Amino acid sequence: MNNEPLLHVKCFLLDMDGTFNLGDELIEGSLRFIDTLNELGIDYLFLTNNSSQHRRLYAEKITRLGLSIPEEKVFTSGEATALYLTKEHSSASVYVVGTPSLEEEFRQHGFQLEENNPQLIVLGFDTTLTYQKLWKLCDFARAGLPYIATHPDFNCPTETGFMPDIGAMIAFVRAATGREPDLVVGKPNRMIVDAVARKYGFSIDEMAMVGDRLYTDIALGQSSGITTCLVLCGETHSEDLVNSPFQPTYTFANLGMIADFLKAHTT
């Protein structure tokens, strides 16, 4: 029996920004990787920390980029957060600092969104952020309300560089209030892997996480025991591995190189 963990994977969990695409541009080898999985009968799921859009919008974007997928092929930290709160705080009123898409996600899960007297607060990646939203968030955090963040990413890679992500917003709230989130749901928290396992029926040892960030995608290996593949086409460069506490199971230039690896070991 082959002892390469990658050859026993039944479902690849794929990061999007910096792994499959950069903004509106596909990264070289991405479609070839999907074709290879289809040929080998291996499943895949797009698992993104980016909570600024509903999974339907991500599916539409991926389809525009050249890979036609249903929205069930996408799982976001926003959905994972809503599912968690449905289980733990199903009747709570929520102040959501997020895009209209994230607000829609919470409404679809039955939550009442509350601007003035919420029972808990959720911070997502809000590309519609205003100073007023941050001010109100800080007031609620300072008052001691339960405070949940969808994910911890500091930056979101784009085709022209990086845009500040939720980690910068968390730092703003910390500087103003002294509060850190009580819970961060997305990668590298094991919670998001467990949510995928429950929804799609795969065990941890049947999945592999593929992404470009050491402190989220690859750190997921330490928190959950999942096999990890680092791709060097986004945020992380090979020299960043030297002093990192987060070491991947495998390192590849891009998804196309993973396809080559799988083909070389299975044909």
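Thr-128 is partly exposed in this predicted model, because its relative accessible area of 34% falls between the under 20% that counts as buried and the over 50% that counts as exposed. This threonine is found in the loop between β8 and α5. Leaving aside residues up to four places away in sequence, Thr-128 touches Gly-98, Thr-99, Pro-100 and Lys-133. Pro-248 offers another point of reference: Thr-128 and Pro-248 are 120 residues apart in sequence, and their C-alpha atoms are 34 Å apart in space.

One of the contacts of Thr-128, Lys-133, leads into helix α5, which covers residues 131-142. The length of this helix can be checked with simple arithmetic. Its twelve residues, at 1.5 Å a residue, should span 16 Å, and the C-alpha atoms at its ends are 16 Å apart, so the expected and computed values agree. Which residues of α5 are buried? They are Lys-133, Leu-134, Lys-136, Leu-137, Cys-138, Phe-140 and Ala-141. A general point about helices helps in reading such a list: an α-helix has 3.6 residues a turn, so residues three or four places apart point the same way. The cover over the buried residues of α5 includes β6 (93-97), β8 (120-123) and α6 (166-177). After the helix comes Gly-144, which has a positive phi near 95°.

Aromatic rings give a second view of the structure. A search of the whole model finds eleven aromatic pairs. One of them joins Phe-12 and Phe-33 in an edge-to-face arrangement, with 5.5 Å from centre to centre and 85° between the planes. This pair links distant parts of the chain, as Phe-12 lies in strand β1 (residues 11-14) and Phe-33 lies 21 residues apart from it in helix α1 (residues 30-40). Phe-12 counts as buried because its relative accessibility is 0%, and Phe-33 counts as buried at 0% as well. Phe-252 and Phe-261 also form a pair: their ring centres are 5.8 Å apart and their planes meet at 70°, so this pair is edge-to-face. Why do Phe-252 and Phe-261 count as buried? Phe-252 has a relative accessibility of 10% and Phe-261 has one of 15%, and the cut-off for buried is under 20%. Elsewhere, Phe-20, Tyr-44 and Phe-46 come together in one aromatic cluster.

The next topic is empty space. Rolling a probe the size of a water molecule over the atoms shows where such space is left. The largest pocket holds about 240 Å³ of space. Its lining is made up of 18 residues, and those nearest its centre are Asp-17, Asn-50, Gln-53, Tyr-58 and Lys-61. Two elements, α2 (55-65) and β10 (155-158), give two or more residues to this lining. Which of the elements gives the most? It is α2, with five residues. By class, the pocket lining holds seven nonpolar, six polar and five charged residues.

The count of cavities of 30 Å³ or more comes to one, and the largest cavity has a volume of about 50 Å³. Its lining consists of Asp-15, Asp-17, Thr-48, Asn-49, Asn-50, His-151, Asp-153, Cys-156, Asp-165 and Arg-213. Sorted by class, these are one nonpolar, four polar and five charged residues. Asp-17 and Asn-50 appear in the lining of the cavity and also lie among the residues nearest the centre of the largest pocket.

Technical notes. Residues numbered from 1 in each chain as written. Predicted model: local features only at pLDDT ≥ 70, side-chain atom pairs only at ≥ 80, totals over all residues. Heavy atoms only, no water. 1 Å grid on protein atoms, 1.4 Å probe; cavity = no way out; pocket = protein on both sides within 12 Å on 5 of 7 lines; lining within 4 Å. Points joined across faces, edges and corners; volume = space filled by probe spheres on them. Nonpolar A, V, L, I, M, F, W, Y, C, P; charged D, E, K, R; others polar. Helix = DSSP H or I, 4+ residues; strand = E, 2+ residues; numbered from the N terminus. Expected span 1.5 Å × (residues − 1). Buried < 20%, exposed > 50% of the residue type's maximum accessible area, 1.4 Å probe, protein only. Contact = heavy atoms within 4.5 Å. Phe/Tyr/Trp six-rings, centres within 6.5 Å; stacked < 30°, edge-to-face > 60°.
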